[in-house]
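Work through the exercises below with the model open. Try each task before you read its solution.

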Protein chains: 2
Amino acid sequence: MDKSKIGLYYKNVMSEIIGDEHGITPNQWEDLAKQTSPIISMLNNERKEGKVPYRDLPFDTQISQAVQDLAAKYEESCENLVILGIGGSALGNIALQTALNSYMYNIDEAQREGPRLFVFDNVDPQQFGSFLDWISDKLDKTIFNVISKSGRTSETASQFMIICDMLSEILGPDTLRDHIIATTDAKQGTLRTIVDEMKLPHLEVPDGVGGRFSVLSAVGLFGAAMCGVDIDLLLEGARDMDQRVSEEDFLQNPAAINAAIQHHFYNRNKNISVMMPYSYALKDLCDWYRQIWAESLGKEVNLKGEKVYVGPTPVKALGTTDQHSQVQLYREGPNDKLFTFLQVNNFDKDVEIGPAPDCTPELGFLAGKNLSVLLNSEKMATEYALLQSQRPCMTAHFDKVDAYSVGQFIYLYEVTTSFAGALFGINTYDQPAVELGKEATFALMEKSGDCKAVEMSYDKFAQEIKEKTEIDEKYLI
Amino acid sequence: MDKSKIGLYYKNVMSEIIGDEHGITPNQWEDLAKQTSPIISMLNNERKEGKVPYRDLPFDTQISQAVQDLAAKYEESCENLVILGIGGSALGNIALQTALNSYMYNIDEAQREGPRLFVFDNVDPQQFGSFLDWISDKLDKTIFNVISKSGRTSETASQFMIICDMLSEILGPDTLRDHIIATTDAKQGTLRTIVDEMKLPHLEVPDGVGGRFSVLSAVGLFGAAMCGVDIDLLLEGARDMDQRVSEEDFLQNPAAINAAIQHHFYNRNKNISVMMPYSYALKDLCDWYRQIWAESLGKEVNLKGEKVYVGPTPVKALGTTDQHSQVQLYREGPNDKLFTFLQVNNFDKDVEIGPAPDCTPELGFLAGKNLSVLLNSEKMATEYALLQSQRPCMTAHFDKVDAYSVGQFIYLYEVTTSFAGALFGINTYDQPAVELGKEATFALMEKSGDCKAVEMSYDKFAQEIKEKTEIDEKYLI
């Protein structure tokens with residue numbers, strides 16, 4: 001394996017390893033290749049026709065330039081960067097930070113070069129309130145990056161209105177543009193109007209790129225650049241992966257293979273797809289994966305006139321932690337899961353295990369070894385145990401965790417998602433089922449006017465929701 | 001609903017709400033009552049016979065006394081409490097801290113009364129190394145609480161050997177007993193030997209209580225007490241719940257109802273059980289639930305001579321965050337999930353949303369409302385949307401999040417797990433499938449001697465594992 005490449009290892013899904021009942025047989029593998037190969041050309045063509053704008057993001061040097069120029073302006077003055085966003089506006093930022101900066105980054109000044117980073121992707125009053133109490137006397141050194149394509153997302157809009165109010169009150173209304181950066185649509189929308197009116201510094205959410213595919217745009221790059229991540233290297237990793245996932249030969253295309261395997265197992269009663277990194281740094285990439293996978297592939301399809309619901313459920317686990325929580329189920333529960341491990345071959349930092357106490361020589365075998373050796377032995381041991389129970393396993397190998405490998409990984413999974421969507425025969429890029437809940441929230445928050453989605457006034461809609469969800473004491477214990 | 005009680009609301013799993021295909025019909029409900037009622041008496045009897053020791057923990061005043069006495073000794077001197085443990089030794093501690101202390105506890109001195117708390121349940125070299133770099137000049141004010149029933153768990157033993165080495169080197173070998181507290185078996189095992197030899201202060205892991213049922217023993221109580229949690233109130237909540245889950249009448253017993261519903265849906269192609277709190281404070285209780293549920297119920301059963309694998313897969317989600325990640329799948333993906341929301345009716349802290357900018361009156365409906373209203377509206381809206389798609393939903397209502405309600409919740413889910421295990425016809429309290437992986441780790445870490453589990457030397461076993469998991473370049477892309 002070339003040292004710097006992300007390697008996808010898939011032998012342990014095959015029938016020669018886990019048997020014919022649960023593994024992919026040679027015939028099935030041939031069928032998968034036949035079924036997936038035409039999709040490679042199809043996606044490559046769509047991409048050339050400009051129909052898949054997320055794939056061009058790593059090639060757009062203007063984006064990274066704009067991000068770096070803006071970040072440079074705050075280098076000296078910003079001690080706390082607070083990102084306000086939800087879904088795709090948050091998960092990429094969180095994933096990049098956990099992957100590429102140290103565990104104690106926010107607490108230990110010696111372990112960071114940029115500002116502290118906080119990402120708020122919720123409207124929990126206790127959580128956000130606790131943070132506001134702390135930040136309120138540090139506002140002069142704080143930048144808020146509010147991220148929303150439209151500006152109408154209830155959660156982000158509310159957070160934004162809260163911090164505007166706080167900044168106005170504490171530092172004065174004229175200071176908002178010194179402390180808020182907006183990442184939003186270039187031309188239209190609520191947040192765009194605010195940017196123009198308040199003259200806020202701003203970055204763009206690119207056109208035609210859904211939130212869950214936007215991490216390699218200004219949405220994810222600005223926070224990363226502020227916190228010292230080498231975003232050029234991140235994008236280079238994505239560009240290099242782009243070559244590999246464009247390969248017309250199925251056997252040379254890691255995204256096609258990955259998607260084909262996922263699709264195969266979903267259709268064979270394995271409706272759960274577990275991603276289990278053996279690396280704390282990679283753990284939040286799983287939440288990013290959970291979104292891109294669930295929101296892209298969980299869809300209603302029309303199959304010969306019949307409505308069918310499809311979509312594997314992505315599950316996040318963490319090695320070794322979840323060996324002591326989930327592995328009993330993973331081995332002896334129903335064989336309803338496909339496992340993808342993430343393994344790091346070289347850690348930037350290692351810790352040597354000290355000597356065993358004299359009174360307990362039974363611990364001697366651990367003494368003097370490195371934690372990285374233990375961690376990777378546990379991964380191998382867990383995979384071995386799962387294979388003994390005929391559970392299909394893949395591994396994405398990271399030679400090391402750096403911006404280059406993380407860029408590759410992100411791009412690999414974005415394109416894998418596009419392949420999987422095509423195999424499922426669905427529209428990968430929409431999310432029709434989330435609208436109803438959003439509209440219902442508007443109604444309950446007493447928005448005025450008519451709700452088009454349900455063809456009634458918000459007022460009446462709110463009443464209907466309350467009736468349907470009102471507590472009936474008979475069923476409350 | 002009595003204000004202080006945890007209320008379990010289950011109307012929205014019924015056919016009258018979500019239809020006959022996916023909901024529980026009146027006939028099925030009668031069957032569930034008939035099937036579950038005898039289990040109530042059975043569990044009550046087993047409990048009286050002393051066969052279920054975890055159920056007596058909240059009544060054991062000696063435990064909380066010992067914990068509080070020991071915690072009092074460190075009140076003045078301890079600024080950092082570091083818990084070393086994994087699985088049941090960690091998840092309860094993490095859950096109690098997130099639930100009952102403020103979000104910025106570790107960062108903001110003004111928001112904590114006890115020491116900073118760090119719980120390490122992994123052996124990641126970058127993560128642990130980053131922490132060691134930070135803590136190494138603060139050791140004089142730091143206490144390590146190492147938790148392991150046996151002391152032979154590779155992860156915890158390794159962490160322990162690392163910190164012993166560090167303490168010896170930096171503060172001197174005689175200081176170990178001033179900085180380490182061990183929570184372990186009262187009589188035997190590796191860590192017990194070390195406690196006796198090094199004369200370490202210690203607490204007990206009670207007999208007959210598996211790690212995942214141990215949060216209400218010294219395992220979970222010491223960390224909580226140190227960080228200012230009212231552990232008496234926590235135990236009082238558990239005791240009060242004990243009464244309710246002992247009720248012989250099915251309709252009066254929330255654990256019986258909860259387990260019956262879970263079991264029903266698992267048997268009807270809903271193999272995924274999602275827990276989704278609308279409260280950041282409650283989010284880590286989901287990881288605690290993931291363990292108790294997966295490790296207790298993911299089991300091989302012998303059904304009329306045939307091996308069958310059972311066990312729902314617990315999934316953690318967080319409202320509102322995961323509305324923007326998972327709800328598309330939850331509504332339009334396969335109807336393979338049962339949802340349990342956790343809802344908080346009164347938050348300790350609230351935040352008012354500021355005024356809308358003049359240029360965007362469309363945000364006016366949010367202005368002046370509290371975040372708690374938005375958060376709970378989002379919950380109601382999401383539940384409504386799921387019900388429109390015939391997805392079964394329950395809600396555990398917390399009047400507020402405090403030690404009393406959290407104690408109730410923990411005990412409710414512990415006993416629910418016992419009920420579910422009985423309904424599945426499995427042994428709720430063992431975890432046979434995790435042994436192979438543990439032994440495989442020993443082998444790969446070059447332990448000497450024979451491995452009984454596989455009847456060969458560790459040496460030979462290691463070779464076998466390596467052969468089975470060795471990378472075959474043909475399948476690496």
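**Exercise 1: the chain contact**

100% of the interface residues of chain B are also interface residues in chain A, so the copies meet through the same surface. This is a predicted model: local features need pLDDT of at least 70, side-chain atom pairs count only at pLDDT 80 or more, and totals for chains, interfaces and linings use all residues. Residues are numbered from 1 along each chain as its sequence is written, and chains are lettered from A and ligands numbered from 1 in the order in which they are written.

Task: How many residues does the contact take from chain B and from chain A?

Solution. Contact means C-beta atoms, placed from the backbone, within 7 Å. The contact takes 130 residues from chain B and 130 residues from chain A. On the chain B side, helix 14 (residues 371–388) of chain B gives the largest share, 14 residues. Helices are DSSP runs (H or I, at least four residues) and strands likewise (E, at least two), numbered from the N terminus.

**Exercise 2: strand 7**

Task: Are the residues of strand 7 of chain A buried or exposed?

Solution. Buried means 20 or more other C-beta atoms within 10 Å of the residue's own, with C-beta atoms placed from the backbone; exposed means 12 or fewer. Six of the six residues of strand 7 (residues 272–277) of chain A are buried, so the strand is largely enclosed by the rest of the structure. Ile272(A), Val274(A) and Met276(A) point one way, and Ser273(A), Met275(A) and Pro277(A) the other.

Next, find the partners. Pairing needs at least two DSSP bridges. Four bridges join strand 7 of chain A to strand 10 (residues 313–316) of chain A, in parallel. There, Met275(A) stands opposite Lys316(A).

How values were computed: Contact = placed C-beta atoms within 7 Å.
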